[in-house]
Amino acid sequence: MLEDHMAAADPIAPTIGQQPGPPTPPAPWPSGYPQGYAVVDVETTGLARDDRIISAAVYQLDAQGEVQDRWYTLVNPQRDPGPVWIHGLTSAVLADAPLFPEIVPELSRRLDGRVLVAHNAMFDWSMIAREYARAAAAAPVRQRLCTIALSKELGLPLPNHKLESLAAHYGVVQERAHHALDDARVLAEAFRPSLRRAAQRNLRLPLLTCQPLTEWTDAPAPRQRSAASAYRPGTWRPSRKRPACPYPNPGRYEAGGPLVQGMRVAFSGDTSVDRELLEDRAIEAGLHVATSVSRLTSLLVTNDPEARTSKTVKAASYGTVMIDEAAFMQLLQDVRAAPASG
């Protein structure tokens with residue numbers, strides 16, 4: 001049972017020699033907190049933009065983190081399942097699974113009106129948003145909450161930001177790592193005490209806006225192709241035009257410091273999260289996304305700074321700071337406001 005794995009609430013032991021006083025009444029639940037959550041985990045064929053979801057799980061939680069329902073499904077990706085040694089889902093297992101468009105009604109019902117909660121939520125959201133776009137639909141999700149960001153806000157003493165570390169902190173037992181249903185269960189059980197700690201402190205939850213994607217188009221395939229090349233990735237683009245950055249450029253990013261609204265950020269090389277979603281998130285935070293590197297560029301985001309691309313070469317010549325995708329995602333959690341003009 002789910003409850004069997006729940007850690008007890010953190011006890012507050014009285015100081016030796018003191019008489020325990022009357023119990024402290026619980027603090028009122030913050031009125032601005034969401035009314036419900038959908039704790040989500042997806043397993044995928046890989047991390048690139050043309051990879052597919054092969055299984056999905058959703059735990060529905062009420063406003064205070066109590067489990068209301070759970071749901072799990074396999075999904076036929078219509079391509080090679082990818083790292084079977086990680087998720088254990090072979091082509092044979094997935095052959096009779098529903099296609100993603102077939103699960104859209106049920107998945108939408110479980111997401112609708114709830115905040116999507118995931119560990120590294122940007123990845124799970126990007127995969128879900130992309131699959132919905134392929135299905136010519138829009139996910140009914142308006143906000144997401146990353147449990148990595150929440151654990152940082154709470155100052156949890158974790159050795160790293162892996163799900164297993166968060167689970168161990170709360171005494172939650174993992175039974176089948178990289179199985180969507182068990183990963184979602186573990187996260188739901190770990191999210192509940194985190195949510196309650198945040199509520200006790202009246203902490204502002206690190207909620208981010210979810211921007212749906214539209215206009216997925218499959219690339220045309222040649223008349224004759226091998227089975228290995230049968231899958232052809234599609235293309236997608238955000239459903240809105242990107243506005244101009246309203247803030248002036250405050251200058252270079254200084255290593256170890258915060259991002260500031262108006263900074264010019266460029267991206268180079270492959271990213272595990274869709275490039276367009278990273279750029280959208282940067283724009284939402286008030287940054288200027290640049291398509292090239294110049295002396296005005298504040299920061300270059302690249303997972304391979306040693307690669308001799310035109311952007312990394314220019315960044316090195318200009319002395320522009322380069323950071324990887326994970327560090328950039330962390331910095332996006334707290335972008336400083338642009339300096340007041342005048």
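Ser-268 stands opposite Thr-302, and Thr-302 belongs to strand β11. Keep in mind that this is a predicted model. The strand facing β11 here is β9: residues 264-268 make up β9, residues 299-302 make up β11, and 4 bridges join the two, which run parallel. Another of the matched positions is Phe-267, whose bridge partner in β11 is Val-301.

Now the other neighbour of β9. Strands β9 and β10 pair over 3 bridges, again in the parallel sense. There, Ala-266 stands opposite Ala-290 of β10.

Put together, these strands belong to an open sheet of 4 strands, and the order across the sheet is β10-β9-β11-β12, with parallel pairing. Which strands are at the edges? They are β10, residues 288-290, and β12, residues 322-323, each of which pairs on one side only. For those new to sheets: strands pair through backbone hydrogen bonds, either parallel or antiparallel.

Next, the helices that lie on these strands. Helix α8, residues 275-284, lies across β9 and β10, and runs at about 170 degrees to β9. Helix α9, residues 310-318, lies across β9, β11 and β12, at about 140 degrees to β11. Strand β9 is mostly covered, with 4 of its 5 residues buried.

I move to another part of the chain, Glu-43. Glu-43 sits in strand β1, which spans residues 36-44. How far away is the nearest side chain of opposite charge? That side chain is Arg-176, 10 Å away, and Glu-43 has no salt bridge although it is buried. Leaving aside neighbours within four places in sequence, the residues in contact with Glu-43 include Arg-52, Ser-55, His-87, His-178, His-179 and Asp-183.

Last, the aromatic rings. The structure holds 4 aromatic pairs. One of them is Trp-29 with Tyr-33, an edge-to-face pair with 6.0 Å centre to centre and 85 degrees between the planes. Is Trp-29 buried or partly exposed? Its relative accessibility is 26%, so Trp-29 counts as partly exposed. Tyr-33 has a relative accessible area of 8%, and is therefore buried.

Why is the pair of Tyr-37 and Phe-191 edge-to-face? Because the planes of the two rings are at 70 degrees, with the centres 5.1 Å apart, and planes over 60 degrees apart count as edge-to-face. This pair links distant parts of the chain: Tyr-37 is in strand β1 and Phe-191 is in helix α7, residues 180-200, with the two positions 154 residues apart in numbering. Tyr-37 and Phe-191 are both buried.

How values were computed:
Residues are numbered from 1 along each chain as its sequence is written. This is a predicted model: local features need pLDDT of at least 70, side-chain atom pairs count only at pLDDT 80 or more; totals for chains, interfaces and linings use all residues. Side-chain values use heavy atoms; hydrogens and water are left out. Two strands pair if DSSP finds at least two bridges between them. Contact means heavy atoms within 4.5 Å. Axes are lines fitted to C-alpha atoms, for helices over the stretch in contact, and angles run from 0 to 180 degrees between N-to-C directions. Buried means under 20% relative accessible area, exposed over 50%, partly exposed in between (1.4 Å probe, protein chains only). Lys and Arg count as positive and Asp and Glu as negative; His and the chain ends are not counted. A salt bridge is a side-chain nitrogen of Lys or Arg within 4 Å of a carboxyl oxygen of Asp or Glu. Rings of Phe, Tyr and Trp (its six-membered ring) pair if their centres lie within 6.5 Å; planes under 30 degrees apart count as stacked, over 60 as edge-to-face and the rest as tilted.
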